[in-house]
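Biologist: Got a minute to walk me through this one? I'd like the overview, then the packing.

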Amino acid sequence: MSQDASLHQRRRPPTAPELSGIPWLARLLPHERERAVAALVVGEARAGDYLCRVGRPVTYWFGVVEGLLKMSAENADGSLMTFTGVPPGGWFGEGTTLKREPYRYNIQALRKSVVAGLPTDTFHWLLDHSIGFNRFVMNQLNERLGQFIAAREIDRLNSPDLRVARNLAALFNPVLYPGVGEVLRITQQELAYLVGLSRQRVNEALATLEAQGAIRVEYGGLRVLNLQALRATTGAARGGAAGSAPAAQACSA
């Protein structure tokens, strides 16, 4: 179910608790759900395992049952660009699966993770037969478009505090990542990998956000206290970026 042979060999049918953590299954009619469940597989990825690699063909639509993944790609100069993290409840790669094109990014496990995969052919069968599945995928695409527009704009500001705030706001997105809830299980080192900053600088940014009442740092993770305040931090950044509003309008058109 992945480009790493060892992970592919460890695939197995999902358990009932694992199925209950897949958000789109509830949108399906009984016969659609039966077909999807029969096709779903899960794999237990180790830290560092790759699920997707640039240039490899798409074979599954993936989702995170447990753990944390990183989506990234290399720039032309060889530097690494991290797009986003994928926490529990998140499904990704629907655009690539729709077009059946090779991956343009890498997906890597940052820690031990349980990942579910729906075969590409079953994904397309559901698109052809299920209104509920179509609505889920459309919502995913629409929400992800807004997420990446925001990411592009804020990265131009080169502000470490805003980069941390943007990544946290994205990870607490209830549409893309319904499994997170109010508490995100993540270490400061893992967040540093996602943001592209040192652990010390991430710690300073988290202290600032905590002082503003947006989050609370807890043992083993972060609790969001005011998601709107966290989003407002990134919104203020977008409003202050020169030319960013027209760019967002153009992408939304």
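Modeller: Here is a quick tour, from the whole chain down to single residues. Bear in mind that this is a predicted model.

Biologist: Fine. How many helices and strands does the chain have?

Modeller: There are 11 helices and 11 strands.

Biologist: And what share of the residues is buried?

Modeller: Of the 253 residues in the chain, 49% are buried.

Biologist: What about contacts between residues 24 or more positions apart?

Modeller: They make up 73% of the chain's contacts with a separation of 6 or more.

Biologist: Let's do strands. Is strand 1 mostly covered or uncovered?

Modeller: Mostly covered. Strand 1 spans residues 41–45, and four of its five residues are buried.

Biologist: Which way does strand 1 run against strand 8?

Modeller: The two are antiparallel, with five bridges between them. Strand 8 covers residues 113–119.

Biologist: Which residue in strand 8 is the bridge partner of Glu44?

Modeller: Val114.

Biologist: Now the open sheet. What's the strand order?

Modeller: The order is 9-11-10, three strands with antiparallel pairing. Strand 9 (183–184) and strand 10 (215–218) are the edges, each pairing on one side only.

Biologist: How many bridges join strand 10 to strand 11?

Modeller: Four, and strand 11 takes in residues 221–224. In one of those pairings, Val217 has Leu222 in strand 11 as its bridge partner.

Biologist: Which helix packs on that sheet?

Modeller: Helix 9 does, touching strand 10 and strand 11. The direction of helix 9 makes about 125° with that of strand 10.

Biologist: Stay on helix 9. How does helix 8 pack against it?

Modeller: Helix 8 is residues 188–195 and helix 9 is residues 199–211. Their axes are 9 Å apart, at an angle of about 100°. Helix 8 and helix 9 are therefore roughly perpendicular.

Biologist: Which residues meet there?

Modeller: Helix 8 brings Gln188, Gln189, Leu191 and Ala192. Helix 9 brings Arg199, Val202, Asn203 and Leu206. By type, that contact has four nonpolar residues, three polar and one charged.

Biologist: And helix 7 with helix 9, at what angle do the axes cross?

Modeller: Roughly 75°, and the axes come within 9 Å. Helix 7 is residues 160–171. So helix 7 is roughly perpendicular to helix 9.

Biologist: Which residues make the contact?

Modeller: On helix 7, Pro160, Asp161, Val164, Ala165 and Leu168. On helix 9, Arg201, Val202, Ala205, Leu206, Thr208 and Leu209. The contact of helix 7 with helix 9 counts eight nonpolar residues, one polar and two charged.

Biologist: I'm also looking at Glu204. Where does Glu204 lie?

Modeller: In helix 9. Its relative accessibility is 38%, so Glu204 counts as partly exposed.

Biologist: How many residues separate Glu204 and Pro160 in sequence?

Modeller: They are 44 residues apart in sequence, and 9.4 Å apart in space, C-alpha to C-alpha.

Biologist: New topic: Gln140. Where is Gln140 found?

Modeller: In helix 6, residues 131–155.

Biologist: Why does Gln140 count as buried?

Modeller: Because its relative accessibility is 2%, and buried means under 20%.

Biologist: What does the Gln140 side chain reach?

Modeller: The backbone oxygen of Trp91, at 2.9 Å.

Biologist: Which residues is Gln140 in contact with, leaving aside neighbours within four places in sequence?

Modeller: Trp91, Glu94, Val175 and Leu176.

Biologist: Great, thanks.

Technical notes
Residues are numbered from 1 along each chain as its sequence is written. This is a predicted model: local features need pLDDT of at least 70, side-chain atom pairs count only at pLDDT 80 or more; totals for chains, interfaces and linings use all residues. Side-chain values use heavy atoms; hydrogens and water are left out. Buried means under 20% relative accessible area, exposed over 50%, partly exposed in between (1.4 Å probe, protein chains only). Two strands pair if DSSP finds at least two bridges between them. Axes are lines fitted to C-alpha atoms, for helices over the stretch in contact, and angles run from 0 to 180 degrees between N-to-C directions. Angles under 35 degrees count as roughly parallel, over 145 as roughly antiparallel, 65 to 115 as roughly perpendicular and the rest as oblique. Contact means heavy atoms within 4.5 Å. Ala, Val, Leu, Ile, Met, Phe, Trp, Tyr, Cys and Pro count as nonpolar, Asp, Glu, Lys and Arg as charged, and the others, Gly among them, as polar. A polar contact is a pair of N or O atoms within 3.5 Å; within protein, one must be able to donate a hydrogen and the other to accept it, and residues adjacent in sequence count only if both atoms are side-chain atoms.
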